[in-house]
Amino acid sequence: MKKYIINRLLTAIPLLLAISFLCFVFINIIPSDPAEVALRVNQVAVISDELLEKTREEMGLNDPFFIRYFNWLADCIQLDFGISYVNPQRTVLGEMTRSLPNTLMLAGISFVLVIFLSLPIGFFCAVYKDSWFDKIMRGFIFMTTAMPAYWVGLLLMWIVSIKLDLLPTSGIGEGLKSLVLPSVTVALTYISTFIRLIRNNMLDNMKQDYVLYANVRGLKQKDILTKHILRNSLHTCVVAVGMSIPQLISGTIVVENVFAIPGLGTLCIESIFNRDYPIIQTYVLFIGVLFVTFNLLFDIVQCAIDPKLRKEEA
Amino acid sequence: MKKLLKAVLTATLVTAMLAGCASKKTSETDASVATGEGREELVFVNYRDIRDLNPHLYAGEMYAQNMIYDGLIDMVEGGFEGALAESWEISEDGKTYTFKIREGVTFSDGEVCDAHAIKANFDAILENSERHVWLTMMSVLESVDAPDENTFVIQLSAPYYPMLTELSMIRPFAMISPKAMKDGSTMDGVTEYIGTGPYILTDFVTDEYAVFERNENYWGDKPEIKKITVKVIPDNQTRILALEKGEIDLIFGKNMIDADALQNYQDNEKFSIALSDPTSTRQIVMNTTHEILSDKNVRYALSYATNKQAISDGIFYGLEAVAETLYAKTVPYCDIDLEPFTYNAEKAESLLAESGWTKGADGILEKDGKKFEIELLYNSDSVTEKNISEYLQSEYLKLGVKLNIHGEEEQSYRDNMKAGNFDMVFNISWGTPYDPQSSLSGMTGPVYGDYAAQQGLEDKAEIDEAIDKIMLSVDEEERQELYEFVLTRLHEDAVYIPLTYECNKAIYTSSLDGVGFTQSQYEIPFTDMFFK
Amino acid sequence: MLKRLLRHRGFMLTSGFIILIAFVGIFAPFFAPHDPYETNILNKFARFSLEYPLGTDNLGRCILSRMIYGIRPTLGLAILTMLGTIGLGAVMGLISGYFGGLIDEIIMRVVDVMLSFPSQIMVFAVVALLGIDVRNVILANILIKWAWYARMIRTSVLQHKDKNFIRFSRVVGNNEFFILSKHMLPSIASEMAVLASLDIGWAIINISTLSFLGLGVQAPIPEWGAMLNEAKNALTTNPVQMLAPGIAIVVLVTAFNFLGDVLRDALDPKEEM
């Protein structure tokens with residue numbers, strides 16, 4: 001177990017380095033000169049070539065590539081991601097920390113919705129396989145996978161907010177109330193994956209020998225279902241669900257834009273339009289690190305809860 | 001399915017209920033929005049954050065700077081009115097301006113706003129004079145002095161006729177508390193936004209909202225409305241919905257509401273509409289240094305190919321009138337006889353043919369193997385520019401001109417314009433009170449896109465020289481003549497395609513009254529507003 | 001297998017439907033009542049009428065004609081993306097699985113890194129880097145998605161690699177390229193067909209999403225996602241605008257997903273959902 005964790009940690013490091021390196025290369029091949037931006041930020045009216053060269057020297061932009069990379073990496077580790085190109089009085093870190101809570105809130109509520117809806121639905125679909133409920137849910141899943149999230153968002157906004165006037169249309173002015181529609185939209189796009197996951201997992205487990213054995217022993221069906229099959233399926237699901245958390249956080253990008261929620265996704269899209277490269281770079285870096293971390297974390301969790309894997313390690 | 005629906009509904013309701021508990025604070029304001037009677041709080045909306053409200057720089061929202069700060073004088077219809085200066089005198093030779101400073105005015109941090117404080121402000125502004133070159137007064141300003149605490153003197157090296165107009169501008173001539181400066185300087189930022197104006201900024205969250213409260217020590221008439229919350233909503237549709245649902249009371253601005261919405265609320269009991277007189281000219285600037293656009297014939301062709309009437313009628317429902325020339329005839333010195341470019345597709349076609357452009361197999365014009373492909377840059381924060389762009393795209397295509405359109409958020413759109421990174425770009429004349437003197441003066445240096453766009457003109461130096469002369473001329477007749485020269489040249493060079501005369505627009509809940517417009521188009525006269 | 005498919009009613013109906021849509025798209029000029037770019041700004045947001053069966057949009061263009069012409073970019077770009085993704089994925093997967101060793105190791109490490117990143121974010125990053133243009137969106141989609149297919153195809157290559165007919169071919173002295181293209185490719189073709197049809201649905205949604213956000217297909221091209229982008233600007237005043245393109249996307253994607261499911265069932269009857 002310990003050996004496994006150390007092993008996993010060690011493999012994560014080169015992956016993180018690779019991601020950071022890609023992000024650094026990214027900002028280095030774009031056609032914008034940081035020295036020029038710095039001068040513009042300081043409101044220098046006339047930017048001469050001499051001045052540019054001097055500033056470049058001062059900012060260390062003439063250093064060899066790898067030295068610059070390591071300097072940049074050192075800055076990143078200290079959470080210094082530079083300043084925004086478009087709003088120079090704002091730091092990238094400030095922009096990120098301002099937007100992150102909104103995204104986390106949205107992702108969090110969506111996550112709760114997904115779990116509380118997909119768990120019972122997946123469970124009943126598996127138990128009453130091929131019943132009308134299962135068939136309807138399968139149809140529902142089929143439909144939701146074909147619906148683009150942004151369109152669902154627009155439809156909900158139109159019907160619930162404009163026609164029925166039940167909830168705020170967009171923004172986050174009314175706290176949690178304004179997050180209901182966006183999180184339902186996000187949840188709808190992820191719920192089908194989860195229902196499918198839980199259902200198939202349960203069905204797999206039902207075919208296992210221990211279920212047959214339990215049946216032979218004459219245990220109550222209800223007990224077999226809840227105590228054995230459900231619990232076993234949950235083990236696998238926990239890991240899959242955990243690993244999907246960063247997916248959810250990055251998946252809010254479109255919905256945030258539809259509902260004008262000032263989160264990371266809106267920030268990212270705006271930055272793409274405005275060519276605000278430092279923000280895009282930091283966003284990609286952040287999501288990358290998030291993915292690696294969660295993968296690592298839940299790999300370890302899986303190892304801890306799955307006795308089969310533990311045995312293999314020993 | 002029913003079960004699912006039930007489940008979803010229950011979940012939604014539960015979340016909504018939770019939300020209801022958590023956001024009690026906001027629901028209180030909601031309740032007050034619903035009943036208009038005797039309300040003293042107004043919820044306003046803007047498309048972006050208030051940003052840096054340093055009054056001596058240009059990176060903040062002007063309406064907010066106007067609420068917080070005062071200048072020496074204000075521009076009113078037909079003249080000027082004292083603000084922090086009670087009265088003023090101009091010497092015979094037009095070179096010395098002596099202001100009598102209003103007594104007993106304090107900044108909202110308790111500092112006294114006397115002539116010394118005003119001198120400190122001017123010193124801070126002049127320290128960064130390079131940044132203010134667009135104001136011609138900077139080049140004639142010799143010294144500022146505060147001989148005693150009630151007297152402030154500005155000494156010019158030459159008489160300058162738009163002096164008072166420039167002094168009335170909220171930036172850079174608004175006064176901030178000397179305590180908020182950094183070692184007497186403001187060019188590297190200020191510590192706090194402290195002014196003498198009718199409102200005080202009490203709270204703000206970047207990109208979400210800003211709260212202004214009435215300055216109880218304000219020297220002038222105290223406004224009726226005690227508290228103004230400004231929400232940030234970047235999207236036009238969202239703003240309208242928010243108004244519809246009573247989350248905001250007022251939408252105000254030139255590019256904050258599209259004409260479709262105005263049309264929709266024309267005869268609505270719940271909401272009222274106000275339109276100002278034309279404030280400025282909506283126009284497209286062509287970059288004369290561009291390979292294709294440097295040909296005057298081509299610029300003429302595009303001018304003729306632009307159906308302004310259709311834009312005015314179709315996109316604005318006639319709310320914005322067709323603009324024939326760069327400045328409306330009502331703008332001072334601009335009542336000049338110029339022959340407008342009236343829509344004429346055939347003429348456009350023949351002009352292009354004259355210049356050697358022929359249609360290729362794909363219907364796009366070609367010349368020496370090069371396709372007629374140009375880009376039009378628009379401000380994506382504006383509610384109508386995209387629409388006009390798309391319309392022009394389809395219109396120009398009929399001629400064989402491929403117009404690519406590209407939208408950017410206000411700040412980077414402006415940066416690109418300033419740097420001359422455009423083929424064609426949407427622009428708006430500076431409007432009252434800057435037209436025509438300041439906006440023409442701005443063409444002589446890299447202030448906006450005009451300077452870069454005009455670089456390809458053969459007579460650019462001549463035009464600039466005339467503009468410089470205008471600013472310093474003391475003879476009314478000579479000035480008129482020079483204006484005529486400049487405006488005629490610019491018109492004949494066809495650098496600009498004027499589209500419509502823009503006006504300020506407002507939609508607000510009917511319980512609000514006193515919504516009007518002032519001489520400065522960027523100011524929102526909150527002080528006059530009240531709830532019925 | 002083909003015979004079974006031909007007798008499958010669902011398969012025939014959906015593939016017929018898709019072919020019909022493609023046909024209408026290819027011969028759009030014959031079906032569209034108007035020029036999709038023809039503006040009539042004085043007749044914007046018109047209601048349904050005989051002349052404009054689906055009404056007109058914000059510039060007075062015929063929505064039905066735009067929908068019909070919109071099949072070309074919507075479906076065409078998705079197919080292009082799919083071909084690119086599967087093509088690159090198949091080549092990498094074949095090389096990796098067939099040759100093994102160091103090449104396999106390198107390709108699989110690259111695949112690992114690619115898969116450890118959320119695909120959508122990578123698309124955004126590539127578009128940010130290369131500029132806002134639909135070509136870049138497609139390139140980004142291909143660059144990001146191929147890793148999935150490379151891994152899947154590698155797995156099936158490994159299953160087939162040691163089958164007798166391939167061993168035989170090698171013994172007779174056929175060169176590697178011949179074996180790969182003549183034996184390996186056909187063996188995994190059916191799996192690729194399933195992947196392809198599921199992938200088109202995904203590509204349609206992905207490209208339309210980017211166009212909706214304004215990062216993909218640009219005005220005035222009537223891609224369905226780009227049309228929804230414009231419809232969003234009239235959400236309060238003319239909400240009906242967003243119905244036609246949205247429903248069209250859902251129907252088309254459903255058709256492709258259904259096709260993929262039918263194909264998968266035909267290939268491997270055991271698997272479900």
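**A tour of chain B and the A–C contact**

Start in chain B of this predicted model. Select strands 13, 14 and 15: they form an open sheet, in the order 13-14-15, with antiparallel pairing. Strand 13 (358-359) and strand 15 (370-371) of chain B are the edges, each pairing on one side only.

Now zoom in on residues 365-367, strand 14 of chain B. Two bridges tie this strand to strand 13 of chain B, and the two run antiparallel. Pick B:T358 next. Its bridge partner in strand 14 of chain B is B:E366.

Zoom out to the whole of chain B. Colour by secondary structure: chain B has 18 helices and 21 strands. Turn the chain along its principal axes, where its C-alpha atoms fill a box of roughly 85 × 70 × 40 Å. The radius of gyration of chain B is 25 Å; a compact globule of 532 residues would have one near 24 Å, so the two agree. Colour by burial next: buried residues are 50% of the 532 in chain B. Then draw the contacts in chain B with a separation of 6 or more. Of these, 68% link residues 24 or more positions apart.

Last stop: chains A and C. Select the contact between them, where 35 residues of chain A meet 31 residues of chain C. On the chain A side, the elements giving two or more residues are these helices of chain A:

- helix 1 (2-29) and helix 6 (132-146)
- helix 7 (149-163) and helix 8 (176-206)
- helix 10 (221-258), helix 11 (264-274) and helix 12 (277-305)

Colour that side of chain A by residue class: 25 residues are nonpolar, eight polar and two charged.

Conventions
Residues numbered from 1 in each chain as written. Chains lettered and ligands numbered in written order. Predicted model: local features only at pLDDT ≥ 70, side-chain atom pairs only at ≥ 80, totals over all residues. Helix = DSSP H or I, 4+ residues; strand = E, 2+ residues; numbered from the N terminus. Rg over C-alpha atoms; globule rule 2.2 N^0.38 Å. Buried ≥ 20, exposed ≤ 12 C-beta atoms within 10 Å, placed from the backbone. Contact = placed C-beta atoms within 7 Å. Nonpolar A, V, L, I, M, F, W, Y, C, P; charged D, E, K, R; others polar. Pairing = 2+ DSSP bridges.
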